[in-house]
Amino acid sequence: MDFFGEQTRARRKTYWLVTCFILAILAIVAIIDLFVTLLYGLEGFGLQATSGSAVELALSESAPNAERRFYEMLWDPLRFLYIFLIVGGIIALASLYRIREIARKGGALIATELGGRPVLRGTSDALERRLLNVIDEMSIAAGIPAPSAFILDNEPGLNAFAAGMTTNDGVIAVTRGLLDQLNRDQLQGVIGHEISHIVNGDSRLNLRIAGVLFGIVFLSQGGRILIRVRGRGAAPAVSLGLLIACVGSIGLLFGRMIQAAVSREREYLADASAVQFTRNPQGLAGALRQLMIAGSQIQHPRASGASHFFFGNSGSRFASAFSFFATHPPLEKRIARIDQSFVPRGIPPAPAPASPGLPGHADPGLTGTTLLHSIGGTPGPAEIAYAQNLLASLPAALQETLRQPENAVAAVYALLLSSRPEIRKTQLATIMAAHTQKTAQATQEHARWLLVQGVRFRLPLLDVALPVLREMPEAASRHFLACVDALIRADGRVSATEFALRQILRRHLSAQKNSRNAIRPERLAQDITVLLGLIVYADGADDATAHAAFRHAARQSPVDLPEAPRKGARMDAIEAALAHLANTAPRFREKLLHACIAAIKHDGKITVAESELLRAFAQSLDCPAPPVLPDTQSV
């Protein structure tokens with residue numbers, strides 16, 4: 001799986017979707033224009049209604065040019081423009097409103113509308129804990145923030161979906177039936193499938209499809225409102241409402257076909273990515289077999305508008321039989337592509353493969369230099385094993401403690417505590433003023449644990465704490481981020497690790513969005529120079545070493561870099577650079593990350609600071625970045 005290539009293809013699909021949307025609006029406007037012409041233009045153009053309901057077109061004797069006038073009546077550009085502005089404007093405004101609402105609330109909006117219940121990190125339910133563990137493992141291995149988990153408690157069918165405009169606001173929802181009936185390997189296959197939808201940009205495309213369809217549905221609903229108009233002179237409004245409702249329904253029918261066509265193509269890719277991800281085709285194949293046996297229907301009344309989100313067909317088996325409207329390929333074809341031993345007829349119950357369990361120790365060969373290749377590529381078993389061992393390396397008691405928001409907050413504060421006693425004293429006073437003495441004590445306990453275990457546990461600790469922090473209310477998140485800034489400013493300087501941590505936290509917790517303004521190439525070159533300068537100076541290198549690493553990285557840059565890097569870039573300049581670069585095309589960001597990797601690998605080792613910076617840069621650019629195990633214990 002080529003992340004950047006799939007992102008580019010997803011963008012092209014978006015352009016194709018917009019084109020189809022405009023064509024659908026034009027078709028709807030043309031039908032309404034024709035109806036308005038026939039309904040209101042009969043008398044003025046020598047046309048007479050006769051024989052009751054039959055309409056007879058007759059030319060008036062007093063109008064020698066009636067035939068020409070008749071064709072002019074059928075095509076009036078000004079009238080068509082007015083109808084297009086009114087009808088098209090209604091559809092477009094409704095769609096834009098829905099897309100904006102989705103962009104603001106993220107995938108959680110869809111999950112909530114379908115009856116989903118968020119799974120809190122402090123849950124004691126064994127199945128819910130298993131779901132969270134699998135999501136964490138797959139997310140860390142894929143290099144994206146762990147999506148929020150939802151459960152559709154009222155859905156006995158076996159199904160799941162992923163939704164989100166970016167990797168930062170993604171959610172994964174599973175039905176109660178799927179959670180209860182699948183084993184861990186099968187659940188891992190389903191989650192891998194959904195994670196690939198988020199990574200490939202499918203979840204963003206699906207949300208845009210939902211927004212487009214909402215506009216057409218809104219028009220149809222407006223027509224139904226006109227049908228209910230009563231009173232004298234209501235006949236024209238009722239007739240127009242009937243037409244709008246019918247035309248809207250036809251437009252929605254074609255919209256569903258577009259929805260299904262896009263979804264079917266992406267499902268095969270997600271299946272292949274999940275198998276490539278887990279290297280366990282029997283897990284995903286077993287889950288698909290279970291869908292054939294138990295069914296995947298979703299009963300919620302809004303499910304039809306979100307059918308393209310789901311892991312399996314959410315409609316009835318009868319509705320899914322019509323290939324034009326089926327949002328998913330047949331289950332037999334999906335299984336046959338990933339399991340060569342599959343026999344379509346006489347399908348036996350799905351086997352229940354035993355989960356291999358977690359290895360006792362991390363693979364010593366999984367160093368940063370061997371994992372860098374997975375950034376922007378396809379994570380595989382090595383990355384999943386690394387994520388499993390990464391989580392297993394944290395004591396169970398510590399992981400249990402971090403499930404509470406106040407302890408997760410303290411763990412992050414511990415990552416920022418200075419080794420200088422006078423600075424640490426100031427930081428602890430700041431924590432006590434912002435929270436309580438208990439939080440300050442917990443911060444010191446986490447700091448002592450880190451001191452014993454080593455700096456390589458900084459990112460594992462952060463990975464466990466981040467999903468818990470995302471559950472905090474918005475006001476609490478702002479208060480927490482303000483305290484983080486105060487701790488960073490305590491010594492009057494911002495180190496590379498402090499900037500990386502701050503950027504990761506803001507990416508996860510802040511509601512700020514990047515602007516979409518175009519940036520000149522000259523400015524992009526300056527922005528890339530700022531980022532590479534932060535990397536080459538991250539481990540305290542001298543100017544000669546830093547400039548050599550910069551020149552090596554500049555060969556991979558997407559644009560020429562005429563300026564040399566500067567030491568000590570301001571934090572606001574770095575944040576502005578990341579905001580600019582986040583709006584570039586996927587292939588541009590791919591080359592940029594390759595340049596960052598080249599700068600890191602120049603000296604043959606990866607420090608904690610470089611590892612954290614790479615994670616911060618990748619997440620700020622909305623790119624997957626599996627955690628890189630440092631090759632050295634130095635900060």
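This is a short exchange about a predicted model, its four-stranded sheet and residue N168.

Biologist: What makes N168 count as buried rather than exposed?
Modeller: N168 has a relative accessible area of 11%. Buried means under 20%. N168 is therefore buried.

Biologist: Where is N168 found?
Modeller: N168 is in the loop between strand 5 (160–163) and strand 6 (171–175).

Biologist: How do you know that the side chain of N168 makes a polar contact with R507?
Modeller: The N168 side chain reaches the backbone oxygen of R507 at 2.2 Å. The cut-off for such a pair is within 3.5 Å. So the pair falls inside the limit.

Biologist: Which residues is N168 in contact with, leaving aside neighbours within four places in sequence?
Modeller: P145, R470, R507 and H508. Contact here means heavy atoms within 4.5 Å.

Biologist: What is the order of the strands in the open sheet?
Modeller: The order is 3-4-6-5, and the pairing is mixed. Strand 3 (117–118) and strand 5 are the edge strands, as each pairs on one side only.

Biologist: Why is the pairing called mixed?
Modeller: Strands of a sheet can pair either parallel or antiparallel. Strand 4 and strand 6 run parallel, joined by five bridges. Strand 5 and strand 6 run antiparallel, with four bridges. Strand 3 and strand 4 (residues 148–152) also run antiparallel.

Biologist: What makes strand 3 and strand 4 a pair?
Modeller: Pairing needs at least two bridges. Two bridges join strand 3 to strand 4, so they pair. P118 stands opposite F150 in strand 4.

Biologist: Which residues stand opposite T175 and V174 in strand 6?
Modeller: L152 stands opposite T175. A160 stands opposite V174.

Biologist: Why is strand 6 called largely enclosed?
Modeller: Five of the five residues of strand 6 are buried, so the rest of the structure largely encloses the strand. Both faces are covered. V171, A173 and T175 are buried on one side, and I172 and V174 on the other.

Biologist: Which helices lie across strand 6?
Modeller: Helix 5 (residues 126–142) lies across strand 3, strand 4 and strand 6, at about 140 degrees to strand 4. Helix 7 (residues 184–200) lies across strand 5 and strand 6, at about 145 degrees to strand 6.

Biologist: How many helices and strands are in the chain?
Modeller: There are 26 helices and six strands. Of the 635 residues, 53% count as buried.

Terms used:
Residues numbered from 1 in each chain as written. Predicted model: local features only at pLDDT ≥ 70, side-chain atom pairs only at ≥ 80, totals over all residues. Heavy atoms only, no water. Buried < 20%, exposed > 50% of the residue type's maximum accessible area, 1.4 Å probe, protein only. Polar contact = N/O pair within 3.5 Å; in protein donor to acceptor, adjacent residues only side chain to side chain. Axes fitted to C-alpha atoms, helices over the stretch in contact; angles between N-to-C directions.
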